[in-house]
Amino acid sequence: MKIRILDQAPARVHAPLVAVAVPRGNGDLSPGALALDAALGGAFSRARAAGDFDGRDEASLLFYAPSAGEAPDQDGAPQGGEGRELRRFLFLGIGDAEKIDRSAVRSFAARAVRRAESLRLTELHLVVPRLHRSDKAQGGEGGEGNPAGDPDLAALQAATEGLILAAWDFRELRSSPTGASSTPPPPLVSRGALALDLAPDEAGPDDDAQARSVRLGQALAQGENFARTLQQRPANVATPEHLAGVALQLAEDHEFEVTILGPREMERENMGALLAVAAGSEQEPRLIVLEHRGGEDKDPPLVLVGKGLTFDTGGISIKPALGMEDMKFDMSGGAAVLGAMKAIGMLGLPLNVVGVVPASENLINGRATKPGDVIRTRAGKTVEVINTDAEGRLILADALHYAVERFSPRAMVDCATLTGACVIALGHHASALMGTDEGVIQALREAGDRSGERCWPLPLWAAYRKQLESPVADLKNVGGRPAGSITAGLFLREFVGDTPWAHLDIAGTAYGEPVEPWQRKGGFGVPTRVLLEWVLSHTT
Ligand code: BES
Ligand code: ZN
Ligand code: ZN
């Protein structure tokens, strides 16, 4: 999507849809809303006074404005006449004024896009609401790669994200624009313009800083959309080999170093756990490694690891048929890591970041791993495979251990659709967060808050570790039903040594029915922007 920053008065903007936010209650209108209301001869404020618009975040009112040529103040406005476009002013409720944060702005932008879609418009202009000042957390991390230390810049970044995330759709597998349905899908919004909701005489942040914030928002959202596209591809398209091809292309586009291991290299690396999961499939596994070298050679990298299980049948411990198609999303962690690497490449961040994606299917054939089998991980620890459906932790065990040995990471974060128990614990509104390092955990929580992709901690207490004890091997791959997400986390911890590490269980947040206005049914790209905000927090 093309995005421009405009410093034109909102009522004079020449766009088919201009959206402005109005908080709850009857307080003063923002400068932008005031200007649009004036151009409408006060129609909006009359509607609000009559109680037709209460400013809650589902409220919306659309007005057809006098064309720019007919506007009360014609100074500088486009001339009227033939072909003059219809102008619409959209007032969107944004909830309580004291609660206007990045998430509220992202949602506002996304709701404007959805309205544009329903009107079959491909272009819109946003009057970007300013964040509520009382909240110190609003600005977020400063730093070179992340200019959003100023709340106005954070608002611009969030609005850009909302626009680009909402405008994404997955259409590459439809044979015709109409598909099977009789109503063709609306054209996607492809052009956006933004301006902060400032008073006419107010300066706001300088132009360069504003442009940087928009670029940052673009990179984050495009990285996340890239992950969504990969998630949406079915398992017969997005095989491990396909993901490796995607990584090779990213390496070419962004000058990453790339390593792809196949089954023979994995044998040499003693990756018995990854190979045990891949054993039941005709599709060969891949271990994908992308290295962005933006820092000094000697600087240890931040390492991002994502579960790239391209289809999870459960293996011999087979899953029920109902809903099994969703197990194409079991590569969501890997997709997020690839999406984050893409954004890191686009931004050219000045630090070293490595992305690692173990990619495999979990299928069933005569060579498939069986319940009770004991396998040997790369780390040398043996594992009794009680349940072949607990395969994510196995492929991650070898990937984490490989990353630790090869890169001695400054810090490492993995993300994985790891346990159904996580969905029971936190539902669809937060990823579970656990790890060995309080600093990494806290930084991820903050990154989660800034991105709106919330992360909530679970404890990795030693008391739970007993559940993983096996009578025949060093570990079992399952710890029983109690605290299923925690025992999965404890399993991973066995393979990270002393590395400051945290794990995100994204089983409930990576895909599903939309819970935010920018989402559509399917892959959400979560936690791409969490990973990116976390990486950006190291660029100060
Ligand atoms: N990919 C699943 C976890 C999952 C479940 C993700 C539901 C998204 C939605 C994982 O490989 C798995 O099957 N885990 C098992 C572990 C159990 C056997 C200990 C689970 O959660 O049931
Ligand atoms: Zn599984
Ligand atoms: Zn799985």
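In this predicted model, a nitrogen atom of ligand 1 lies 2.9 Å from an N or O atom in the side chain of Asp330. Asp330 also serves as a donor to the zinc ion (ligand 3). Glu391 plays a part in both settings too: its side chain has an N or O atom 2.8 Å from an oxygen atom of ligand 1, and its OE is a donor to the zinc ion (ligand 3).

**Ligand 1**

- Lys319 places a polar side-chain atom 2.9 Å from an oxygen atom of ligand 1.
- On its own, ligand 1 has 510 Å² of accessible area, and the protein covers 78% of this.
- The surroundings of ligand 1 comprise 16 residues.
- The closest of them are Asp312, Lys319, Asp389, Glu391 and Gly420.
- The shell splits into seven charged, five nonpolar and four polar residues.

**Zinc ion (ligand 3)**

- Four residues supply its protein donors: Lys307 through NZ, Asp312 and Asp330 through OD, and Glu391 through OE.
- These donors sit 2.0 to 2.4 Å from the zinc ion (ligand 3).
- The site is octahedral, with six donor atoms and angles of 76 to 174 degrees among them.
- Along the chain, the donors follow the spacing K-x4-D-x17-D-x60-E.

**Metal pair and burial**

- The zinc ion (ligand 2) lies 3.2 Å from the zinc ion (ligand 3).
- Asp312 coordinates both zinc ions, and Asp312 is also among the residues closest to ligand 1.
- Lys307 and Asp312 are both buried.

Methods: Residues are numbered from 1 along each chain as its sequence is written. Chains are lettered from A and ligands numbered from 1 in the order in which they are written. This is a predicted model: local features need pLDDT of at least 70, side-chain atom pairs count only at pLDDT 80 or more; totals for chains, interfaces and linings use all residues. Side-chain values use heavy atoms; hydrogens and water are left out. Donors are N, O and S atoms within 2.8 Å of the metal (3.2 Å for Na, K and Ca); water is not among the atoms, so sites may look incomplete. Four donors count as tetrahedral if all angles lie between 85 and 135 degrees; four count as square planar and six as octahedral if opposite donors are over 155 degrees apart and all others between 65 and 115; anything else is irregular. Buried means under 20% relative accessible area, exposed over 50%, partly exposed in between (1.4 Å probe, protein chains only). A residue is near a molecule or strand if one of its heavy atoms lies within 4 Å of it. A polar contact is a pair of N or O atoms within 3.5 Å; within protein, one must be able to donate a hydrogen and the other to accept it, and residues adjacent in sequence count only if both atoms are side-chain atoms. Accessible areas come from the Shrake-Rupley method with a 1.4 Å probe; for residues, only the protein chains shown count as cover. Ala, Val, Leu, Ile, Met, Phe, Trp, Tyr, Cys and Pro count as nonpolar, Asp, Glu, Lys and Arg as charged, and the others, Gly among them, as polar.
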